[in-house]
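New notebook page. I want to work through this one piece by piece and write down what I look up.

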Amino acid sequence: MTPSTGLAADCVEALRLAVGREPDAATAYERYLALATAIRGRQLGAWLDTESRRRQAGTKRVHYLSLEFLVGRSLQNAVLNLDLEDAARDGVHALGVVLEDLYEAEHDAALGNGGLGRLAACFLDALATQGYPAVGHGIRYEYGMFRQEIRDGAQVERPDNWLYRGNPWELSRPDERVQVHFGGHVEYATDAGGGLSVRWLPAASLWAVPYITLVPGWRNGVSNPLVLWEAVSGDDFNLAYFNDGDYIRAVEDQARDETISKVLYPGDASAAGKALRLKQQYFFVAAALARILNEHLAEGGAPATLPERVAIHLNDTHPVVAVPELMRLLLDVHGLGWDAAWDITTRTFAYTNHTLMPEALERWDVGLFGSLLPRHLDLCNEINRRFLDEVARRWPGDAGRIERLSIFEGFGADQRIRMANLAIVGSHSVNGVAELHSALLKRDLFSDFHTLWPDKLRNVTNGVTQRRWLRQANPALARLITDAIGERWVTDLEALAELAPLADDAAFREAWWDIKRLNVRVLAHQLAAAAGGPASVPSGVPTGAPAGAPKGVALDPDSLFDVQVKRIHEYKRQLMNLLRVLAQYLRIKDAPNGDWTPRTVLMAGKAAPGYWAAKQIIRLACDIGRCIDTDPQVRPWLRLVFVPNYGVSLAERIFPASDLSEQISTAGTEASGTGNMKFALNGALTIGTLDGANIEIAEAVGRENIFIFGLTEPEVAALRNSGYRPRDFYEGNAELRRVLDLVASGALSPGDPDRYAGLVHELLAYDPYLVLADFADYLEAQDAAADCFRDPQRWTAMAIRNVAAMGRFSSDRSVRDYAEGIWGMAPLT
């Protein structure tokens, strides 16, 4: 039986027997549940077959540990990957609905925040499509990242209760729960043979319950599991307290334990918040390692053979406590000696670094770490002692090098554990995620480690899955490409190179331009309120406005759609973008009858709840947008819209409609970026600095097909070393001075004239990310982009060449690099 056989009948049966509705009485969401249930049954068969083949072949499997998996919606991805689109249309026709309506009924899974989580999701898709046995491990957040609302121009965080109606894609496995311990103390004793006996006597325990979501490969019969762990209290409901009327005390222990899987990145300003974050990290790591080791032993393996059958990958520093946890299991549970256990541990783990900024590398207070994980603190001390003995033998008397390499920093009450150092010491491979990033890790951040182990640090440039970000997100463009060169690009993105000659084909350019403008019109409709938006939208496309879309904003679909969507952070320089918008605003005010290129600037992203500057940037964007919207001289030529609650499904609509992709971080600060790849894959031209993967994109597409500006990383370093004075740029650039004076004047916030005084002061006095230094060059690049857009033939040819050069930026290539160069594993045959 093929996956499509009988799907229509299964949908009706699922609606009646699993949902409890007749087709004519069901809601759209209930019909979605029926289709999801029917499709999940087909995924289960593929998963069981994949597991059977893996066990028979003895194929090595990778376990990918990540605090985030930003998977977005699952229905459309499953329909396309399982080749069920025609069958699904027939199936939902039997339910009386259109397939696209059911796609819109699904809520995004709130399991991540940004690039880190979306990369992990892309990798799971690529691993399944390439046929590599893999398991993702993370946390089943009840609320995940917050839902962003904009009230009076300010960000407001609201709970994102994405599970309130359940999740039809997951399988609960309560019988496979794992006990996780915290606190207590460690007892050391000498056994009868004179060996050391260690017992961790924890003070508290809870259960980790696995929920399994299946990730299908592209039409290859492979399906891999994503295991998300939910915290369940080990303390039962206390009936005695309840019967005595103490209702809060009856449930408080249970509520405390289960907060661990409530929210992604709980606030860490308080001691309780810091403790909760550390508990989260150990919780899912301990559960994952217990499951991994138990499965390995159940399949006939032994602890000593773990590295031959299992690779464990640490996605950033969040899961690095896995290093001492595996040592604890091997030493205390399985009775291995230190040398054997350490050899197994280091050959099993690999670590990816995702940041160049030292302040973003996790460091845990030793007092907190020891209070929650006393045995692990002892193990970290012993790992560090043995490691520093090796360093001292290599560089005797070099106290400075020893201090820099040590897993611990500081002394006494201020001592902290450097998790990145622990990851490097405990892994056989460490990689950056773009060529510049990896080079800077070797030269600067981890230079001493690179000197010690020159073969350990390497590069694997990030990638994105073309199946989600082109085939699914941009079906019209995907069809045009497939009609031109065939569908091989869906699993071999290098095939897009065949598009390059078509950049000179006038008919192909015209078809390409028409699709782009169609996507822009669809997005403009979706972002508009019913009263202010377009009256109609092309048939066959979804029409639901994204949740939280700005109201009353009618956008010009023929304007240049200029987009910056990503986490709001000062180094990503959304502030420089806003200052540029104000400069353009003032130019138009000075010459309202000028021949301007119409431009719509879209911005979206969430600011961390405690990040004052990022929240101010959002507020400034909203104030500038209102200023432009109320100015009839400027409004025909320029719009600025901040779109709330940016997430995967909204991104799937924005990328296909974008003309210009803003990738403007300060050179030397962005590790890689993947949004830059998604934009370019959908035919948006990049305006950006030579930072992160922008460098490799520029190499691939050619400098004539990208708008590069700004200081390079060596120039950034030289300017900082020479004593950067941002006020010099302010005083030396009349246009910049006029823009900053406008922001500082309070004219953009008349009810609160001092609203941005602090933001302007920080720029003029410090400007850590060199916004003012790059401003003039940024404006020149923007002018060049505006001039180019006025020639649709030229612009479209550049867009086609961008897409044709995206082959190297597939997550399929990335996971092959990991599998062949780091994990040492082969795909299933």
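Before anything else, a definition: helices (H or I, at least four residues) and strands (E, at least two) are DSSP runs, numbered from the N terminus. With that, I can place G96 in the loop between α4 (85-93) and α5 (99-105).

I note that this is a predicted model, where local features need pLDDT of at least 70, side-chain atom pairs count only at pLDDT 80 or more, and totals for chains, interfaces and linings use all residues. Residues are numbered from 1 along each chain as its sequence is written, and side-chain values use heavy atoms, with hydrogens and water left out.

**Entry: two single residues**

For accessibility I use these cut-offs: buried is under 20% relative accessible area, exposed is over 50%, and partly exposed is in between (1.4 Å probe, protein chains only). G96 counts as exposed because its relative accessibility is 62%. I also looked up its C-alpha distance to S66: the two are 30 residues apart along the chain and separated by 40 Å.

Next I went to R256, which lies in helix α8 (residues 247-258). R256 has 41% relative accessibility, so it counts as partly exposed. The C-alpha atoms of R256 and L276 are 9.9 Å apart, with these positions 20 residues apart along the chain.

**Entry: covered helices**

How many residues of helix α24 (residues 648-657) are buried? I found 10 of 10, so to speak a full score, and the helix is mostly covered. Among the buried ones are V648, F655 and P656.

In helix α17 (residues 435-445), the buried residues are L436, H437, S438, L440 and L441. I then checked their contacts (heavy atoms within 4.5 Å). The buried residues of α17 pack against β16 (429-432), α18 (447-452), β17 (457-459), α26 (694-701) and α27 (713-721).

**Entry: a helix pair**

Two packed helices are described by the angle between their axes and the distance between the axes. Axes here are lines fitted to C-alpha atoms, for helices over the stretch in contact, and angles run from 0 to 180 degrees between N-to-C directions. Helix α1 (residues 7-19) packs on helix α2 (residues 28-57) at about 115 degrees, and the axes are 8 Å apart. On the α1 side I listed residues including L7, C11 and L15, and on the α2 side residues including L33, A34 and I39.

I sort residues by class like this: Ala, Val, Leu, Ile, Met, Phe, Trp, Tyr, Cys and Pro are nonpolar, Asp, Glu, Lys and Arg are charged, and the others, Gly among them, are polar. The contact of α1 with α2 has 11 nonpolar, 1 polar and 4 charged residues.

**Entry: empty space**

On a 1 Å grid over the protein atoms alone, a cavity is a set of points where a 1.4 Å probe fits but cannot get out, and lining residues have an atom within 4 Å of a point. Grid points are joined across faces, edges and corners, and a volume is the space filled by probe spheres set on the points. I count 5 cavities of 30 Å³ or more.

What is the volume of the largest cavity? It is about 430 Å³. Of its 33 lining residues, V71, G72, R73, S74 and T213 are the closest to its centre. That lining has 18 nonpolar, 8 polar and 7 charged residues.

The second largest cavity holds about 140 Å³. Its lining divides into 8 nonpolar, no polar and 4 charged residues, and α30 (757-765) gives the most, with 3 residues.

Definitions and conventions:
On a 1 Å grid over the protein atoms alone, a cavity is a set of points where a 1.4 Å probe fits but cannot get out, and a pocket is an open set with protein on both sides within 12 Å along at least five of seven lines; lining residues have an atom within 4 Å of a point.
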